[in-house]
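Please open the structure in your viewer and keep the sequence panel beside it, since each stop on this tour begins with a selection. The path goes from the whole chain to individual residues.

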Amino acid sequence: MRRIFFAFLMFLTTLGVNAIITVPLKGTVIKPSNPDIVYTGRISFTNPDRPAWNFPGIQIIAAFEGTSLRMIAKPKSGYFMAQIDQAEPFKVAFRGERDSVVTLATALTDGRHLVRLMYVIEGYEFYPEFWGFVLDKGRQLVDAPVLPSRKIEFIGNSITCGYGNEGLKKEEHFDYATENHYYSYASITARNLEAQHWVVARSGIGAYRNYDGPKTGNPESNMPVQYEYTGYAWKPELRQQPTFLREKWDFSRYQPDVVCINLGTNDLSTNNYDPALLKNGYQKLLKMVRQHNPHAKIVFLTGTMLYNQELQLAKRLLDEVNAEAQKAGDKEVYRFDMAPIDGNAFYGNDWHPNIYQDEKMAGELTAYLRKLMNWF
């Protein structure tokens, strides 16, 4: 037992891990660089044995042998949803200073099993890292699963992240425990369509102006700026942030078939906005998305937290951006509006959509994308 524990501590030391593991681990440690682990989402592999990220929705998928599975991650990485084979998904938490190993499965039938993990919160305060798996002694991963061929990218704000969607009252405020991207409209839509989905989203972000920002906008941190990077950095000049946040994203790693952009709620969130600047922000982002995804269909969405004057303004501006793009020769730009929240039964925290509203949104968007992409 001491020999196994010492070997595991040496493994953590080689990764530069500053954590205390208080329970000896029996079994086979699988490093994150193992080629049979499949990753999706904007993840930095600057250190291949400490993959890092902070956008929600990243996935870690592997097939393994044996009767048990444990996961190793940086302490305080946040929340994941885990699914073993076809069982009901469940939430996994790395919240404590010493939470570095979590049991995902035990007493399984001895054989081949599949694990799917999804990071379900925004990690901009946690800087999460995946450190590997622990299998039964002598067991290994088996052939990597094949990902769906259909590919979607979602660009958005808190609605796309899943902010507060597990909350019970609109009057209650944000808590990481009630944010769950797995149940967001984006994630549900992707599962409905049997597609991969990669996410570039952050609460409070806008196409030109972030939540309650100046009328002139937030040119240092809005989506047209952040879209270029592997991770999200509200203040990228801060030295204490991980270096991967200054890493430019390699767009060749993922070329989506369709890109869904759901922005504008924060730009129009308080009565201090400039419609002309918002339209310019949409156009700037469209140009950037098209440059990096030359063959994708691009769909501008609205929904579901805008109402009345602001909703009509967002629709008008997006219709204009769409029409002008079509006229200029880009025939693969589209528009779709999801219905606003209608009734207290569909609110989560801070007036955001709850899981029931996310399901409604996903139903609407699934039907639209199925027809647009001919994904039947």
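What follows is a series of selections, each with a short account of what is found there.

**The whole chain**

Begin with everything displayed as a cartoon, and keep in mind that this is a predicted model. The protein chain holds 7 helices and 14 strands, and its C-alpha trace spans about 65 × 45 × 40 Å along the principal axes. How does the radius of gyration of the protein chain stand against that of a compact globule? With 376 residues, such a globule would have a value near 21 Å, and because the protein chain has 21 Å, the two agree.

Switch to a surface representation, where the accessible area of the protein chain comes to about 16300 Å², with 52% of it belonging to carbon and sulfur atoms. Of the 376 residues, 58% count as buried. If you display contacts between residues at least 6 apart in sequence, 74% of them join residues at least 24 apart. Colouring by charge brings up 42 positive and 41 negative side chains, and the centres of these two sets lie 4 Å apart.

**S44 and its polar partners**

Select S44 next, which sits in the loop between β2 (38-40) and β3 (59-66). S44 counts as buried because its relative accessibility is 3%, below the 20% cut-off. Show side chains here and two polar contacts of S44 can be drawn: one of 2.9 Å to the side chain of T46, and another, also given as 2.9 Å, to the side chain of E247. Once neighbours within four places in sequence are set aside, the residues in contact with S44 are R50, P51, A52, T230, F244 and E247, so E247 appears both in this set and as a polar partner of the S44 side chain.

**Strand β6 at V92**

Move to strand β6 (residues 90-94) and pick V92 within it. Is V92 buried or exposed? V92 is buried, with a relative accessible area of 2%. Apart from residues up to four places away in sequence, V92 touches G78, Y79, F80, A82, V102 and L104. For a distance across the model, draw a line from the C-alpha of V92 to that of Q196, which lies 104 residues away in sequence and 22 Å away in space.

**Y127, a positive phi in a loop**

Y127 belongs to the loop between β8 (111-119) and β9 (130-135). Although Y127 is not a glycine, its phi is positive, at about 50°. Y127 is also buried, with a relative accessible area of 18%.

**Helix α3 and the residue after it**

Select residues 185-192 to bring up helix α3, which is mostly covered, with 6 of its 8 residues buried. The buried residues are Y185, A186, S187, I188, T189 and A190. Continue just past the helix to E194, where phi is positive at about 55°.

**The cis peptide at G303 and T304**

Which kind of peptide bond joins G303 and T304? The bond is cis, with omega at about 5°. T304 itself is placed in the loop between β13 (297-302) and α6, and it is buried, with a relative accessible area of 1%. Display the surroundings of T304 and, neighbours within four places in sequence aside, the residues in contact with it are I159, M338, A339, P340, I341, P353, Q357 and M361.

**L318 in helix α6**

Follow the chain into helix α6 (residues 308-327) and select L318. At 0% relative accessibility, L318 counts as buried. Beyond its neighbours within four places in sequence, L318 is in contact with Y282, F300, L301, T302 and R335. A second long line can be drawn from here to A82, with the two C-alpha atoms separated by 37 Å and the residues 236 apart along the chain; A82 is also one of the residues touched by V92 at the earlier stop.

**N374, the last stop**

Finish at N374, in the segment after α7 (355-373). N374 is not a glycine and yet has a positive phi, of about 60°. N374 is exposed, with a relative accessible area of 57%, whereas Y127, the positive-phi residue visited earlier, is buried.

Conventions. Residues numbered from 1 in each chain as written. Predicted model: local features only at pLDDT ≥ 70, side-chain atom pairs only at ≥ 80, totals over all residues. Heavy atoms only, no water. Helix = DSSP H or I, 4+ residues; strand = E, 2+ residues; numbered from the N terminus. Buried < 20%, exposed > 50% of the residue type's maximum accessible area, 1.4 Å probe, protein only. Polar contact = N/O pair within 3.5 Å; in protein donor to acceptor, adjacent residues only side chain to side chain. Contact = heavy atoms within 4.5 Å. Rg over C-alpha atoms; globule rule 2.2 N^0.38 Å. Areas by Shrake-Rupley, 256 points an atom, 1.4 Å probe, with all protein chains shown as cover. Lys, Arg positive; Asp, Glu negative; His and termini not counted. Charge placed at Lys NZ, Arg CZ, Asp CG, Glu CD.
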